[in-house]
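Open the model in your viewer and keep the selection panel at hand. The tour goes from one selection to the next and says what is found at each stop.

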Amino acid sequence: MRSSIDEFEEKEKPDGYYERTLKELSDMNQKFHIFSRMPQSMEHGFQFSVKDNICVDGVESSASAEILEGYVPPFDATAVERMRGRGFSFIGKTKMDEFGFGTFGINCAEHPLNPINPEYVTGGSSAGAAAATAVMKYHVAIAESTGGSISCPAAFCGVVGFTPTYGLVSRYGLIDYANSLDKIGIMARRSADIRHVFDVIKGSDRYDTTCIDREVNADKRTKLIIVDQLMQNIDQAVLSAFDRFTSKLESRGYEVVHRSIPFIEKAIPAYYIISTAEASTNLAKYTGFKYGKKTEDFSQGYNEFFTEARSSLGTEAKRRVILGTFVRSASVKSKYYEKALRLRRMLIEAMGNVLSEGFIISPTMPIMPPKVEEAAGLDPVKAYSMDSITVPPNLAGFPHISFPYDYSGDFPMGAQLITSHFNDYALMDFAGAWEEDFEYRFKYNVGSL
Amino acid sequence: MDDAAFDRMLRICRLRLSGSERDRIKADIDKVITYFDTIESVDCDGYSPAYQPVEMPARTREDRTDVFRESDRLLKNSKTYRFYMVGPKI
């Protein structure tokens, strides 16, 4: 299927198109709280939104965190600069869980609501990015994933979400959560759009020494591998739909096989150990005078001043700072942090072996989108366990894509496909082929022509 | 984590929690640490720590000074005195 970017460029825009689109989008924003910031007027061209933890020159970028309120970066993140350089037009900053700390998109003020039904969560942490993609016809979202922040909301909002191999897209200008896990990625309505945008934003960057410039492959796999441990604790409705989906794929010539990675469920605690350890050091720079919200009383000593500044952190951020500081403590560092890093090495090897045979396929999430109050009532361990399927590829840096494969009532069901490092194009090819025969459904089409 | 250890952690983190918030977060932290303990059952002997998920060459930049042309705008994010950011006493 051709990209909607090409389709948009070819279509004539009627008089007042951009004004009308901006008005419709503003109405959607009133209803679903998608954007933290939107421009007063709309630049002409294909629109892209940017997650609120990615810097846009002159536009407040707070990662939806109160402590960063008012921070206005004087530069564009590399991904944003490259998008603008190729003629894409910036339409707004999308809301997210504070600093990316969340699975459901509800850890921020006036959180986004799922456009399919606002009583339900969008998924997180790239909550607004998924909602924007679900309502806007000609648009792509620049999003970011640390442990599943692209796949989860893409699945819950019924869009395509792509997380590249770690290091292929520069992180310069990203308000970091966990440096060894953060990846800037893309959400769109079609895989062809994702491929187009990926080609724009990937590639080495002098400002990010962890950004890799190397060939990206499109090695097709005909074997689809179900890792048995990833299929535990999945809702029956999701399992039944997924079985029907894999049967369809078999009828199209794919071979579906089962493999075992016995320790893969331990990827979640390992992920939370590493991510909180890195987050607790990253958040130490928000001291109350350099970025964002200001603590005014300079007569205080540094410790009191810093402690007062940090009172603006949300509950989940405080929890993660405490956990991260604890696991890095000298007395327990080898038990938690170093052990988690060793476990990551084991996981990279075990998943790498399986991926050399074929794609790993699974539902993206073990549940259908919950209602907002249900998600808010989960204790942290239960909430973290919802990332059981999205965490392994994120922890090991493998590229993955989530795309709709079925619907239950109005709600989409997302499948996650994982491949080897640097085989990113193969994911877009697979999802693109799926889209030839399966039409994604969208309730809203703001900006249609 | 006992109360004394938790309070010590709060001091290191420079976090001050109110009574009910402290009790709630401490209970959550205890549950999560118990969950973290489950990685003990995995035998990782022979595996070195993976600090990055993808092997990458250690790249360095040329050791030279660049002029950041937007420093005036950068300083607008903080209270300033001349071209210094104003901060608390150390």
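Begin with chain A and chain B together, each in its own colour. Between them, chain B and chain A bury about 6000 Å², with 66% of that area on carbon and sulfur atoms. Keep in mind that this is a predicted model.

**Stop 1: the interface**

Select the residues of each chain that touch the other. The contact takes in 72 residues from chain A and 55 residues from chain B. Now turn to the charged pairs: 8 salt bridges are counted between chain B and chain A. To look at one of them, show the side chains of B:Asp66 and A:Arg206, which meet in a salt bridge with an N to O distance of 3.1 Å. Across the interface of the two chains, 26 residue pairs are found in polar contact, both residues being at pLDDT 80 or more.

Which helices of chain B each supply at least two residues of the side that touches chain A? Select helix H1 (3-13), helix H2 (19-36) and helix H3 (71-75) of chain B; each of them does so. H2(B) gives the most to this side, with 10 residues.

**Stop 2: a strand in chain A**

Hide chain B and select residues 223-227 of chain A, which form strand S7. Of the 5 residues in this strand, 4 are buried, so S7(A) is largely enclosed by the rest of the structure.

Add strand S8, residues 255-259 of chain A: S7(A) pairs with S8(A) in the parallel sense over 5 bridges. Follow the chain from S7(A) through helix H7 (residues 236-251) to S8(A); this β-α-β crossover is right-handed.

Next add strand S9, residues 359-363 of chain A, which runs parallel to S7(A) and is joined to it by 2 bridges. Then pick A:Ile225. Its bridge partner in S8(A) is A:Val257, and its bridge partner in S9(A) is A:Ile360.

**Stop 3: a threonine in a loop**

Select A:Thr146, in the loop between strand S4 (139-145) and helix H5 (151-157) of chain A. Is A:Thr146 buried or exposed? Its relative accessibility is 1%, and the cut-off for buried is under 20%, so A:Thr146 counts as buried.

Show its side chain together with those of A:Glu144 and A:Asp182. The side chain of A:Thr146 makes a polar contact of 2.8 Å with that of A:Glu144, and a polar contact of 2.8 Å also joins it to the side chain of A:Asp182. Finally, display the residues in contact with A:Thr146, leaving aside neighbours within four places in sequence: A:Tyr177, A:Ala178, A:Leu181, A:Asp182, A:Lys183, A:Tyr271 and A:Asn394.

Conventions:
Residues numbered from 1 in each chain as written. Chains lettered and ligands numbered in written order. Predicted model: local features only at pLDDT ≥ 70, side-chain atom pairs only at ≥ 80, totals over all residues. Heavy atoms only, no water. Buried < 20%, exposed > 50% of the residue type's maximum accessible area, 1.4 Å probe, protein only. Polar contact = N/O pair within 3.5 Å; in protein donor to acceptor, adjacent residues only side chain to side chain. Contact = heavy atoms within 4.5 Å. Pairing = 2+ DSSP bridges. Right-handed = clockwise from strand over helix to strand, strands pointing away. Buried area = accessible area lost by both parts, 1.4 Å probe. Salt bridge = Lys/Arg side-chain N within 4 Å of Asp/Glu carboxyl O.
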